[in-house]
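User: Hi, can you walk me through a protein model? I'm new to this.
Analyst: Sure, here it is.
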Amino acid sequence: MSKTLIVAGLLVTSMSTFTPIARGQVKPTDVAHHEWWHHAVFYEVYPRSFADSNNDGVGDLNGITSKLGYLQHLGVKALWITPCFPSPQVDFGYDVSDYESIDPMYGTLADFDRLVAQSKAHDIKIILDFVPNHTSDQHKWFLESKSSRTSPKRDWYIWRDGKGPNQPPNNWTSTFGGSAWKYDPATGQYYYHYFYAEQPDLNWRNPEVVKAMLDAMRFWYKRGVAGFRLDAVDTLYEDPNLKDNPLLPGTDKFGFPNTNEIYNKKLPEVHDIMRAMRKVADEYGAVLIGETWTQNVAQLREYYGARNDELQMPMDLMMTEFKQVSAPAFRDHIGAVEGAGGWPVFVISNHDIVRSYTRWGDGVHNDDIAKLMAAMYLMLRGTPIMYYGEEIGMENSDPKSKDDVRDPIGRRGWPLEKGRDGERTPMQWSDAKNAGFTEVTPWLPVAPNYRTHNVVTETADPQSILNFYRRLLDLRRDEPALREGQYVALNPQDPNVFAFVRRLKGEGVLVALNMSGSSQTVKVDLKAAGFSQPKMRVLLTSSHTPITKVSTEIEMEPYSALIAKTVK
Ligand code: GLC
């Protein structure tokens, strides 16, 4: 737990210490008991869209392996690969039909083993995506469960009688639209699915399910996986009495009544299973990342576990919901995170949400804003998880018509809900046809900005977003204060510039972020952060006119970032 002190109106959080690893394992940690993942930069790969090695229009594992050099040079230390297990691909892999194999579309187990081995050679760890809430309706467990009411696997899923003819057991709705219950005429019962009907929910109250799923995790740990990102953890348990959720005003994007999902989300039992998964992870020294959507920091804190015995890395997804770039909003949020203890895990984009480049861009300063926001979340205390293409400023590219939509929620919810294709377009490797992703028609069209925003073009441009990301990641590697230092917020009343210091022993790194569209003068007074009139050296700036000196006041260009270090 961290200790929070209020010093002269500034929030100062001391470095967190962590419960030692279970079972007396000897693990490499630094003085603050930090493990590899505390200082690593993670990178999410959506395998369908990363690199297509066999030119079938869909990315694959060998494609990822071929890009390890690029990722290593970028400074990435861990790859989270979204599901690449056998799947009918209704939800593009989040409908798993075999937890212990690789979908032929992505390659073979031998390709996976090669990826792990090659990653090791590039000092990169592999994290897989584990989907515990549901399987595919084509998984052999579900086919067996569905076969009869007396099947030994019947209770592996949630089957119930309807309330009456044509009436589902209760009012729960699927987050992907419509009732969360599907009737099975052959056995005369409904099964529950929080996501698509093709993704029936597993019954985690059945110990056989728990055992089978924990064993599936062990299968991958034994193959060299360094951890898992756990999908949709808050939906694992449902109220056994199936009480109706209270109604809320209005309807959702699919036209169904809004409800307060108190009986099928975030049930306390979720924490029991997080602890069970953590025990298994500890057997292998592995790390667990959570897809933890929360409304506030206090809710997020719960996923670390009361004794730090649940997830090491519950994702803070809250910043992805900030619609605007605003110094007070980000300062307040980071202040709350720092005050709560725990090791933060920051995310600004992923495969389910509008890309940060588009979300935060104003249409004029998009590249500047992309650099600014990178300087914010990559310089904070904690572990960042990047999303592929974020480092080159990939934009969202939504389908233009319903016929073009691949993501089923987009087809069902069109035009209010366009689905998630826009944030899943192919990685932009070059300005060649199909952005160098494939030689055939890709499964989704490339985003229009590939001609200017791609790896080859940006590598050659010293001012590119890509080169700025590389320098930021170099700084994280080279500056101990950026890895270990305390977070000290500065100028708490400034409406435009979010500034903070990362302080370690006698050294400080200042990060100043002009989050406004006009030039700003920032006062630099680090006394309250423990430095009296220090000399400072500029480490990095995104200004078009470079800043070379830092005095007691700095002029900052609109949407620009400055990083400077105290000099003894
Ligand atoms: C998570 C995934 C999302 C998927 C859903 C169902 O939210 O990130 O892509 O559709 O779970 O598995």
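Analyst: We can take the ligand, the sheets and then some backbone details.

User: Before that, what kind of model is this?
Analyst: This is a predicted model.

User: OK, ligand. Which residues come nearest to the ligand?
Analyst: Asp-91, Asp-231, Glu-291, His-351 and Asp-352 come nearest, out of 13 residues around the ligand.

User: How far is the side chain of Asp-91 from an oxygen atom of the ligand?
Analyst: An N or O atom of that side chain sits 2.5 Å from a ligand oxygen.

User: And what about Asp-231?
Analyst: Asp-231 has a polar side-chain atom 2.8 Å from an oxygen atom of the ligand. For His-351, the distance from a polar side-chain atom to a ligand oxygen is 2.8 Å.

User: How much of the ligand does the protein bury?
Analyst: The protein buries 96% of the ligand's surface. Taken alone, the ligand exposes 310 Å².

User: Which pocket is that space?
Analyst: The ligand takes up the space of the largest pocket.

User: How do the shell residues divide into nonpolar, polar and charged?
Analyst: There are 7 charged residues in the shell around the ligand, with 3 polar and 3 nonpolar.

User: Switching topic. How many strands are in the parallel sheet?
Analyst: That open sheet has 8 strands. Their order is β13-β12-β9-β5-β4-β3-β15-β14, and the pairing is parallel.

User: Which strands stand at the edges?
Analyst: β13 (313-314) and β14 (345-347) do. Each has a single partner strand, so one side of each has no neighbour in the sheet.

User: How many bridges link β14 and β15?
Analyst: They pair over 3 bridges, in the parallel sense. Strand β15 covers residues 383-387. Within β15, Ile-385 stands opposite Val-347.

User: What's the order of the antiparallel sheet?
Analyst: The order is β6-β8-β7, so to speak a row of 3 strands forming an open sheet with antiparallel pairing. Here β6 and β7 are the edge strands. Each of them has a single partner, so one side is left without a neighbour in the sheet.

User: How many bridges join β7 and β8?
Analyst: There are 4 bridges between β7 (residues 181-184) and β8 (residues 189-192), and the pairing is antiparallel. One bridge pair is Trp-181 with Tyr-192 in β8.

User: And β6 with β8?
Analyst: Those two pair over 2 bridges, also in the antiparallel sense. Trp-159 stands opposite Tyr-191 in β8.

User: What's in the hairpin of β7 and β8?
Analyst: The hairpin has 4 residues between the strands. Gly-188 in this hairpin takes a positive phi near 70 degrees.

User: Which residue other than glycine has a positive phi?
Analyst: Asn-166 is one of that kind, with phi near 55 degrees. Asn-166 is in the loop between β6 (159-160) and β7.

User: Why point that out?
Analyst: Because most residues other than glycine have a negative phi.

User: Last one. Which residues does a cis peptide bond join?
Analyst: Trp-414 and Pro-415, with omega about 0 degrees. Most peptide bonds are trans.

User: Where is Pro-415?
Analyst: Pro-415 is in the loop between α12 (408-413) and α13 (455-459).

Definitions and conventions: Residues are numbered from 1 along each chain as its sequence is written. This is a predicted model: local features need pLDDT of at least 70, side-chain atom pairs count only at pLDDT 80 or more; totals for chains, interfaces and linings use all residues. Side-chain values use heavy atoms; hydrogens and water are left out. A residue is near a molecule or strand if one of its heavy atoms lies within 4 Å of it. A polar contact is a pair of N or O atoms within 3.5 Å; within protein, one must be able to donate a hydrogen and the other to accept it, and residues adjacent in sequence count only if both atoms are side-chain atoms. Accessible areas come from the Shrake-Rupley method with a 1.4 Å probe; for residues, only the protein chains shown count as cover. On a 1 Å grid over the protein atoms alone, a cavity is a set of points where a 1.4 Å probe fits but cannot get out, and a pocket is an open set with protein on both sides within 12 Å along at least five of seven lines; lining residues have an atom within 4 Å of a point. A molecule sits in a cavity or pocket if more than half of its atoms lie within 2 Å of its grid points. Ala, Val, Leu, Ile, Met, Phe, Trp, Tyr, Cys and Pro count as nonpolar, Asp, Glu, Lys and Arg as charged, and the others, Gly among them, as polar. Two strands pair if DSSP finds at least two bridges between them.
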